[in-house]
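Reader: I have a few quick questions about this one. Can you put it up?

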Amino acid sequence: MVSKHSKKGDQSLKGLYETLYPISQRLSIFMLKFIDTILASFRPCFNRVATFHWFVVIIIGMMMRSDHLGVTSIMRDLGLPVRRYETLIHFFRSSAWSLESLRRTWLQVVKRVAPLSYVKGKVVLIGDGMKQSKEAERMPGVKKRHQDSENSSKAAYIFGHLFGAVGVLMGTPKKWFCLPLVMNLQDGVKTIFGWDDASPERQASHVVQMIDQGFAAANTFKQALLLLDRYFLTTPALKRLNQCNQSGDAHMHIVTQAKSNVVAYERPVRKKGRGRPRKKGDRVKLYDLFQTRASEFQATTVIMYGKEETVQYLCLDLLWGQGLYQELRFVLVKHNGRLAILVSTDRTLAATDIIQLYGHRFKIECTFREMKQAIGSFGYRFWSKSMPKLQRYLKKGESHPLEHVKDKENIRLTIKAIEGFVMCNCIAMGLLQIIAVRYSHRVPRLFFRYLRTPSKAIVSEATVMAYLRRSIFFMFARNPHLPLTQIIQEKRHSSDFDDDWLAS
């Protein structure tokens, strides 16, 4: 038997659903118009209308596709005709657009619409490297790489690509995202970019390129803090950072972590008399200070990983860097029995700010996970017959096969296709994150999926993807006059060959 209370409960839930359903549909339409407005901002990046239309198709397809099998998943989920496949592939090698213009426009869009996090007037950027396994024999940039992860499911060595990524901290205190701004290949392609010496910045090391990449993003925001892990605390990185800060109007500082064996120096004591002044003072092994100066640590409460945590810290300004001896702020931290040494080039930041900032660095790892698992950002399969076959066991001193390549243009276009594919995925991922922040509290149907641990305030990127996959064609039907709808419908239902070849 069914109780009266359960019947009343079912009726109240039904009434609530009938009330929220039309509201949810209207807000979903606002969501589609928001996506249309954002994508319209990229029109100046393309020399041809047809190329821009394919860009729109690719971004929408990446935001809603149900599998990660390259561009064919876009064809399937949007219901595109079979003959569109060649044109879709050709888009990534097209000369009608450039990666640089796409990146600049995306930075301006993020600055305009994303709820960014600021610390003392500085936007918070996050940078890191990401390795992606690739076994293709004729794909440029593939190289043998060492896996630093402690995950037992990963091999110690892989063949693949190394990407450098920079994102920006975005969201609300309830949930923060690392919105991807730019990703490019930073190793294995030096020979290719050195053919015409047109890109000298691509010849630098991975560490230095990350500083350049972060500063390129900082030029848009003028003042920035870049969060990096301990791999990037090197003297060449600090030298390049100082050069960049002196060369333009923008200014950037880095917050990172030091290795446990880090050694710094006190300020030199000036002595009277003749002789060259000393560059450094007494040597300090920072890890020993956890024992020798334990009584000087201060206890405080900070927000870390979304929770209030009690930590103990000791803040010191010391010189660091062989031959550089730049004054940095070191923060020694004790937290739940773990020890860490944080470093900041900005000595105006309080120790608590540095601790809280570095707690956000792992957000870029969450973005990498979602880009791999949810959106399939690295499922590209671009290669070239002009590329010499991968030599897995190249002997030391032996000349690289790329040095004897004749058809260099096709290899350059393949690099552009790879980086363009990943850049389009960065834009798609960023749009999903912005939608999650802007519409989670306004569209009740965003919470339609069953989750063992449901989101309390802001849904994930995967949930937004599932929602779009389920309702985007309904949105198209309700908005037939929207430019976004017309572009998608044109590609789906045109009955003859049009001028898509003009996208080249």
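Author: Here it is; note that this is a predicted model. In helix α8, Thr 235, Ala 237, Leu 238, Leu 241, Cys 244 and Asn 245 are the buried residues.

Reader: What covers the buried residues of α8?

Author: The cover includes helix α7 and the strands β7 (251-257), β11 (307-320) and β12 (326-335).

Reader: And how many residues does α8 have?

Author: Helix α8 has 13 residues, 235-247. From first C-alpha to last it reaches 19 Å, close to the 18 Å expected at 1.5 Å a residue.

Reader: Which residue caps the N-terminal end of α8?

Author: Thr 234 does, with a side-chain oxygen 3.3 Å from the backbone nitrogen of Ala 237. Ala 237 is also one of the buried residues of α8.

Reader: Switching to α7. Is Ala 216 buried or partly exposed?

Author: Ala 216, which lies in helix α7, is partly exposed because its relative accessible area is 43%, between the 20% and 50% cut-offs. Its C-alpha is 9.7 Å from that of Val 182, 34 residues away along the chain.

Reader: What about backbone oddities: what is the phi of Lys 222?

Author: Positive, about 75 degrees, although Lys 222 is not a glycine. Lys 222 lies in the loop between α7 (206-221) and β6 (223-227), and at 43% relative accessibility it counts as partly exposed.

Reader: And Lys 120, where is that?

Author: Lys 120 is in the loop between β1 (118-119) and β2 (122-133). Its phi is also positive, near 55 degrees. Lys 120 counts as exposed because its relative accessible area, 52%, is over 50%.

Key: Residues are numbered from 1 along each chain as its sequence is written. This is a predicted model: local features need pLDDT of at least 70, side-chain atom pairs count only at pLDDT 80 or more; totals for chains, interfaces and linings use all residues. Side-chain values use heavy atoms; hydrogens and water are left out. Helices (H or I, at least four residues) and strands (E, at least two) are DSSP runs, numbered from the N terminus. Buried means under 20% relative accessible area, exposed over 50%, partly exposed in between (1.4 Å probe, protein chains only). The expected span of a helix is 1.5 Å times one less than its number of residues. Contact means heavy atoms within 4.5 Å. A polar contact is a pair of N or O atoms within 3.5 Å; within protein, one must be able to donate a hydrogen and the other to accept it, and residues adjacent in sequence count only if both atoms are side-chain atoms.
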